[in-house]
Amino acid sequence: MIAVWFSCGAASAAALKLTIERYGVDQVRAVNNPIEEEDKDNKRFMRDVSDWCGIEIESARSSRYPTQSCIDVWNDRKAMSFIHGAPCTKHLKKDARYEWERANKPDWHVLGFTVDERSRHEGFIRSERENVLPVLIDAGMTKSDCAMMIRRAGLVLPNLYAMGYPNANCIGCVKATSPTYWNLVRRTHPEQFKERAEQSRSLNVRLVRYRGKRIFLDELPADAKGYKLKSMPECGLFCEEK
Ligand code: SF4
């Protein structure tokens, strides 16, 4: 049995389609970690992908945090991001995946690592699981190839892409440190920006890096810019800081 981990992003949607075409739908289970702080349109995209691929997409949830809410995790852990990654990814994605794996025992995993993310794939093999099928890498597909495949199939990507985001991660993802990213959140989702600014202040977390040092979100000038957003990865099953 092959578990395809669907994150509501373009790459994992393409990976699911290719895996089913290559191995047959009977060999595949599609699994998603639902997260409260994601844009609601992600759910619409998940239903569209489910119809396109002809497969039900299951949920893997955390038994420790049944709300699947990052805000609850941050409050409980009194932290929003660590040097090694974010606690929300750890509890709501990684640990929830472990629980699903223990119950369902997949033989293989497929993730949305594209050919331009070979080092992330290799890191995952080294640190997490050896039994990963590099479906998108074998097919030589980049992130933009995946987006094109989705569009050609007549599917509309999650709303966040049209707003300028490089993935369908949570709105106000604490993995991001870029001023460009946070000022985009401020423009497109002012309420979530305010919420992250207030919570990070109360937990003493400096989420953004500006002019070489970490600062609080409420200190970030509204016109500040950093690097381009396209290099920011999808929130995967392990977490790198960007
Ligand atoms: S997308 Fe960001 S905020 Fe959401 S779970 Fe992943 S690391 Fe946490």
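This is a short talk on the fold, two helix pairs and three loop residues of one protein chain.

Two points on conventions. The model is predicted, so local features are taken only where pLDDT is at least 70 and side-chain atom pairs count only at pLDDT 80 or more, while totals for chains, interfaces and linings use all residues. Numbering starts from 1 along each chain, following the sequence as written.

I begin with the chain as a whole. It has ten helices and six strands; these are DSSP runs numbered from the N terminus, H or I over at least four residues for a helix, E over at least two for a strand. The C-alpha atoms fill a box of roughly 50 × 35 × 30 Å along the principal axes. The radius of gyration is 17 Å, which agrees with the value near 18 Å for a compact globule of 242 residues. That radius is taken over C-alpha atoms, and the globule rule is 2.2 Å times the number of residues to the power 0.38.

Of the 242 residues, 40% are buried. Buried here means 20 or more other C-beta atoms within 10 Å of the residue's own, exposed means 12 or fewer, partly exposed is in between, and C-beta atoms are placed from the backbone. Among contacts between residues at least 6 apart in sequence, 73% join residues at least 24 apart. A contact requires C-beta atoms, placed from the backbone, within 7 Å.

Now the helix pairs. Helix α1, residues 10-23, packs with helix α2, residues 41-53, at about 15°, and their axes are 10 Å apart. Axes are lines fitted to C-alpha atoms, for helices over the stretch in contact, and angles run from 0 to 180 degrees between N-to-C directions. The two helices, α1 and α2, are therefore roughly parallel. The classes are under 35 degrees for roughly parallel, over 145 for roughly antiparallel, 65 to 115 for roughly perpendicular, and oblique for the rest. The crossing of α1 and α2 is right-handed, meaning that the near helix is turned clockwise from the far one by less than a right angle; anticlockwise would be left-handed. On α1 the contact uses Ala13, Leu16, Lys17 and Ile20, and on α2 Val49, Trp52 and Cys53. By class, that contact has six nonpolar residues, no polar and one charged. Nonpolar covers Ala, Val, Leu, Ile, Met, Phe, Trp, Tyr, Cys and Pro; charged covers Asp, Glu, Lys and Arg; the others, Gly among them, are polar.

The other pair is α3, residues 70-77, and α4, residues 87-104, whose axes come within 9 Å and cross at roughly 120°. That angle makes α3 and α4 oblique to each other, and their crossing is right-handed. Cys70, Val73, Trp74 and Arg77 of α3 meet Pro87, Cys88, His91 and Leu92 of α4. Those residues divide into six nonpolar, one polar and one charged.

Last, the loops. Most residues other than glycine have a negative phi. Lys105, in the loop between α4 and β4 (108-110), has a positive phi of about 50°. Lys105 counts as exposed because it has 9 C-beta neighbours inside 10 Å. Asn204, between α10 (190-202) and β5 (208-210), has a positive phi of about 60°. With 10 C-beta neighbours inside 10 Å, Asn204 also counts as exposed.

Glu128 lies in the loop between α5 (118-127) and α6 (135-138). Is Glu128 buried or partly exposed? It is partly exposed, with 15 other C-beta atoms within 10 Å. From Val28, Glu128 is 100 residues away in sequence and 20 Å away in space, C-alpha to C-alpha.

Technical notes. Two residues are in contact if their C-beta atoms, placed from the backbone, lie within 7 Å.
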